Amino acid sequence: MAGRTAVVTGAARGIGLAIARELHARGARVALGDLDASEVERAAADLSPTGESALGAAVDVRDRAQLAALVALAEERWDVLEILVNNAAITSGQPFAEITAEDWDDVLAVNLRGAFFGCQIAAERMRGSGYGRIINLASNAGQAPSVHVGAHYAASKAGMIALTKRVALELAGDGVTVNAIAPAFISGPIMDGFDEDLLEGLRHQVPLRRFGEPREVADLAAFLAGPEAGFVTGATYDINGGLLLR
Ligand SMILES: NC(=O)c1ccc[n+]([C@@H]2O[C@H](COP(=O)([O-])OP(=O)(O)OC[C@H]3O[C@@H](n4cnc5c(N)ncnc54)[C@H](O)[C@@H]3O)[C@@H](O)[C@H]2O)c1
């Protein structure tokens with residue numbers, strides 16, 4: 001991975017931050033984008049105080065121009081884009097009947113349309129460049145029903161898996177791989193505010209009897225971003241402690 005250039009969205013915290021850190025630790029130059037500008041700039045400065053191998057910038061993935069600007073920033077500094085991780089998402093547990101049209105559009109715009117824009121922007125750069133890796137963060141909720149998240153979130157993540165397969169097929173001839181990761185129950189800020197009884201009940205649903213760590217998802221993403229995964233495309237990798245066996 002040494003010298004490769006990566007862009008990771010939603011990288012201010014949680015899984016996105018862990019992926020950015022792992023790619024950076026393996027030698028990649030990483031552009032971290034997030035809606036939370038101050039946190040993402042701080043995260044990038046932690047990785048590379050001089051900015052030589054990491055940069056952080058505000059991005060709203062709902063806006064194609066902002067996403068393209070983040071990629072352009074990475075290219076200005078490091079010339080190429082070789083790895084894109086579409087990780088930014090919002091999670092909502094609203095009951096189906098309470099989801100408004102605005103809620104629906106908002107979740108789909110961040111979680112699915114943002115990744116669609118990311119795939120298009122990355123494909124323009126990666127086609128013909130000799131190396132391309134796109135990694136989309138889906139979810140177990142896109143594969144199997146979950147009572148913990150809303151129908152809009154589940155639909156966006158099922159869409160992410162379909163998008164991954166379709167784009168993988170289209171870009172395969174150009175040597176660009178496109179894969180999805182489908183996590184469940186990864187610890188992080190998403191669980192802040194859950195009381196211990198609820199957390200214990202959730203842990204009990206996982207066959208491995210614990211939550212996953214963002215670092216474990218990051219290792220999987222780094223594998224998919226690396227040269228060893230060159231023959232893997234259109235796949236969805238489950239990382240869920242045995243919650244869904246298929
Ligand atoms: N944590 C889990 O257990 C779990 C399970 C299944 C899937 N996932 C998926 O993994 C990914 C990361 O999850 P997480 O738990 O780290 O989430 P998180 O909520 O901790 O982090 C998401 C990040 O995305 C950013 N973001 C939100 N909207 C944005 C926008 N419009 N533009 C740019 N950035 C935006 C947020 O500011 C935040 O930093 C998501 O795609 C999520 O759906 C997580």
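In this short talk I will go through three helix pairings in the structure above and then the surroundings of its ligand. Please keep in mind throughout that this is a predicted model.

Let me begin with helix α4, residues 101–126, which takes part in two of the pairings I want to show. Its partner in one of them is helix α5, residues 151–171, and the two pack at an angle of about 15 degrees, with their axes 9 Å apart. Since angles under 35 degrees count as roughly parallel, that makes α4 roughly parallel to α5, and the crossing of these two helices is right-handed. On the α4 side the contact is made by Asp103, Trp104, Val107, Leu108, Asn111, Leu112, Ala115, Phe116, Cys119 and Ala123, while the α5 residues that meet them include Tyr153, Met160, Leu163, Val167 and Leu171. If we sort the residues of this contact by class, we find 15 nonpolar, four polar and two charged.

The other pairing of α4 is with helix α3, residues 64–78, where the axes come within 10 Å and cross at roughly 40 degrees, so that α3 and α4 are oblique to each other; this crossing, too, is right-handed. From α3 the contact draws on Arg64, Leu67, Ala68, Val71 and Glu75, and from α4 on Gly114, Phe117, Gly118, Gln120, Ile121, Glu124 and Arg125. By class, the contact of α3 with α4 has five nonpolar, three polar and four charged residues.

Turning now to the third pairing, helix α1, residues 14–25, packs with helix α7, residues 214–225, at an angle of about 50 degrees, the axes being 8 Å apart. These two helices are therefore oblique to each other, and α1 passes α7 in a right-handed crossing. Gly14, Ile15, Ala18, Ile19, Glu22 and Leu23 of α1 are in contact with α7 residues, among them Pro214, Arg215, Val217 and Asp219, and the contact as a whole has 10 nonpolar, one polar and three charged residues.

Finally, the ligand. Which of the 26 residues around the ligand come nearest? They are Arg13, Asp34, Asn87, Tyr153 and Ile186, and I would point out that Tyr153 has already appeared in this talk, as one of the α5 residues that meet α4. For Arg13, an N or O atom of the side chain is 2.8 Å from an oxygen atom of the ligand. On the nitrogen side of the ligand, a polar side-chain atom of Asp60 lies 2.9 Å from a nitrogen atom, and a polar backbone atom of Val61 is 3.0 Å from a nitrogen atom of the ligand.

Technical notes
Residues numbered from 1 in each chain as written. Predicted model: local features only at pLDDT ≥ 70, side-chain atom pairs only at ≥ 80, totals over all residues. Heavy atoms only, no water. Axes fitted to C-alpha atoms, helices over the stretch in contact; angles between N-to-C directions. Helix = DSSP H or I, 4+ residues; strand = E, 2+ residues; numbered from the N terminus. Parallel < 35°, antiparallel > 145°, perpendicular 65-115°, else oblique. Left-handed = near helix turned anticlockwise from the far one by under 90°. Contact = heavy atoms within 4.5 Å. Nonpolar A, V, L, I, M, F, W, Y, C, P; charged D, E, K, R; others polar. Near = heavy atom within 4 Å. Polar contact = N/O pair within 3.5 Å; in protein donor to acceptor, adjacent residues only side chain to side chain.
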